[in-house]
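This report concerns the ligand site of a protein model, followed by one helix and one buried side chain. The sequence and structure are shown first.

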Amino acid sequence: LESGLLAGKKVVITAGPTREAIDPVRYISNHSSGKMGFALAAAAAEAGATVTLIAGPVHLPTPERVQRVDVITARDMHTAAMEHTEGSDLFIGCAAVADYRPETIAESKIKKDPNSPDQTLDIKLVRNPDVVASVAAKDNRPFVIGFAAETHNVIEYAQDKLKRKKLDLIIANDVSDTSIGFNSEENAVTLVGADFEETLDKCSKRQLAGHLIELIAQQYNLQTSN
Ligand code: C5P
């Protein structure tokens with residue numbers, strides 16, 4: 001990875017899951033480890049960028065020369081992303097943002113009634129804001145890259161998501177293969193643009209992050225030189 005590739009560029013990256021409280025002791029979340037986003041932040045910093053990493057609750061050390069902003073909920077991540085992308089050049093939405101949150105957070109722990117025959121509990125969920133789409137909809141938007149984790153029709157769904165969320169590039173990830181992606185050390189992806197497609201074979205998330213930052217910088221330079 002060339003050290004001056006992203007010199008002088010401001011890069012914002014989201015990583016990890018978000019956590020949506022149900023009551024003071026419980027929450028809804030997902031298995032995202034944050035590894036891919038943290039590896040991308042490390043690679044972008046190595047390429048000379050000024051990096052802000054907006055991280056959900058994960059157990060990972062902050063990469064060198066990276067400014068880390070910790071958040072818990074999707075709404076916190078949305079606020080932090082909108083703020084930190086002011087004047088930024090690139091945004092990579094790598095976080096597994098919870099699509100829904102409980103409509104209300106119970107003030108005290110929800111108790112089960114031992115005398116009730118009722119075997120169900122209803123929790124109403126409401127939609128969370130879409131962080132990457134909100135950044136892509138800003139005036140003076142940065143170059144925006146999203147992720148698409150899919151189990152089938154991977155490229156087709158990625159292209160659809162690219163258009164719908166108005167992204168510049170999307171990193172398509174086949175999660176039907178459990179040896180890659182979520183929580184694993186390795187990954188294999190296809191980087192997809194409006195008229196661009198390049199597949200990167202399975203390797204460690206660190207190596208992959210280096211290749212991805214190189215390709216992203218190339219595509220960014222192509223667009224901004226027009
Ligand atoms: O729609 P889907 O969740 O598959 O899209 C994945 C992409 O959108 C990822 O880049 C993810 O970080 C982003 N996303 C987001 N905010 C959401 C949901 C997804 O930024 N609420």
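An oxygen atom of the ligand lies 2.9 Å from an N or O atom in the side chain of K165. The table sets this pair beside two backbone pairs; a polar contact is a pair of N or O atoms within 3.5 Å, and within protein one must be able to donate a hydrogen and the other to accept it, while residues adjacent in sequence count only if both atoms are side-chain atoms.

| Ligand atom | Protein partner | Distance |
|---|---|---|
| oxygen | K165, side-chain N or O | 2.9 Å |
| nitrogen | V131, polar backbone atom | 2.9 Å |
| oxygen | V132, polar backbone atom | 2.8 Å |

The protein buries 84% of the 450 Å² that the ligand exposes when taken alone (Shrake-Rupley method, 1.4 Å probe). Two elements, α3 and β9 (143-150), each give two or more residues to the shell around the ligand; helices (H or I, at least four residues) and strands (E, at least two) are DSSP runs, numbered from the N terminus.

The model is predicted: local features need pLDDT of at least 70, side-chain atom pairs count only at pLDDT 80 or more, and totals for chains, interfaces and linings use all residues. Residues are numbered from 1 along each chain as its sequence is written, and side-chain values use heavy atoms, without hydrogens and water.

In helix α2 (residues 74-84), the buried residues are A74, M77, H78, A80, A81 and H84 (buried: under 20% relative accessible area, 1.4 Å probe, protein chains only). These residues pack against β1, β2, β4, β5, β6 and α3 (contact: heavy atoms within 4.5 Å).

N187 belongs to strand β11 (residues 186-193) and counts as buried because its relative accessibility is 1%. Its side chain makes a polar contact of 2.8 Å with the side chain of N173.

Key. Buried means under 20% relative accessible area, exposed over 50%, partly exposed in between (1.4 Å probe, protein chains only).
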